[in-house]
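Reader: Hello! Could you take me on a close look at the nonpolar core of this model, with the cut-offs spelled out as you go?

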Amino acid sequence: MDTNTLLIGVAIVLLGATIQGTIGFGLALTAVPLMSIMVSPKLVVPTLMLIGTLSSLYLTYQSRRSIDIKRIWPLILGGVAGIPIGTLLLLRLDENVLRLYVGVVVSVFAVLML
């Protein structure tokens with residue numbers, strides 16, 4: 001990876017982090033599609049999952065007293081169920097198919113959130 005790609009990647013992550021800090025979500029929604037244009041989704045997805053997980057762990061620790069575990073339990077279960085499926089898709093699918101899949105999923109959920 002050359003220096004320009006790295007700097008653009010950092011700028012994209014900062015943009016996604018700014019959006020997430022402002023509205024509460026958006027790091028992966030912003031960064032994965034944009035970075036997948038330049039770098040393989042097989043590198044982008046795990047990297048951003050790690051960044052998002054670390055960020056969420058920090059936020060969870062900071063707000064631990066106000067978390068109602070009963071309300072977030074479905075999210076935890078969904079994440080645990082989705083991790084093996086997502087890992088399998090990431091390992092088995094071609095990079096271009098992954099790019100297409102990311103584009104379709106982001107587009108569908110962007111429309112649904114309108």
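Author: Happily; here is the core, with its setting before it and some of its residues after it.

This is a predicted model, in which local features need pLDDT of at least 70 and side-chain atom pairs count only at pLDDT 80 or more, while totals for chains, interfaces and linings use all residues. Residues are numbered from 1 along each chain as its sequence is written, and side-chain values use heavy atoms, with hydrogens and water left out.

First, the setting. The chain has 5 helices and 0 strands; here helices (H or I, at least four residues) and strands (E, at least two) are DSSP runs, numbered from the N terminus. The C-alpha atoms fill a box of roughly 45 × 30 × 30 Å along the principal axes. Of the 114 residues, 18% count as buried, meaning under 20% relative accessible area with a 1.4 Å probe and protein chains only. The accessible surface is about 8,500 Å², and 73% of that belongs to carbon and sulfur atoms; such areas come from the Shrake-Rupley method with a 1.4 Å probe.

Now the core itself. The largest nonpolar core has 10 residues: I12, V13, L27, A31, V32, M35, V39, V44, L48 and V102. A core of this kind is a set of buried Ala, Val, Leu, Ile, Met, Phe, Trp, Tyr and Cys residues joined through side-chain atoms within 4.5 Å. Two or more residues each come from α1 (3–23), α2 (27–38) and α3 (41–62), and α2 gives the largest share, 4 residues.

L27 is a good place to zoom in. This residue sits in helix α2 and counts as buried because its relative accessibility is 6%. Not counting residues up to four places away in sequence, L27 touches V13, G16, A17, Q20, V32, I51 and G52, where contact means heavy atoms within 4.5 Å. One of these partners, G52, is 25 residues from L27 in sequence, yet their C-alpha atoms are 7.2 Å apart in space.

Another core member, I12, is in contact with A31, L34, M35 and M38, again leaving aside neighbours within four places in sequence.

Finally, look at T5 in helix α1. T5 counts as buried because its relative accessibility is 19%. With the same sequence neighbours left aside, T5 is in contact with M38 and V39, and V39 belongs to the core. The T5 side chain also makes a polar contact with the side chain of D2 at 2.4 Å. A polar contact is a pair of N or O atoms within 3.5 Å; within protein, one must be able to donate a hydrogen and the other to accept it, and residues adjacent in sequence count only if both atoms are side-chain atoms.

Technical notes
Buried < 20%, exposed > 50% of the residue type's maximum accessible area, 1.4 Å probe, protein only.
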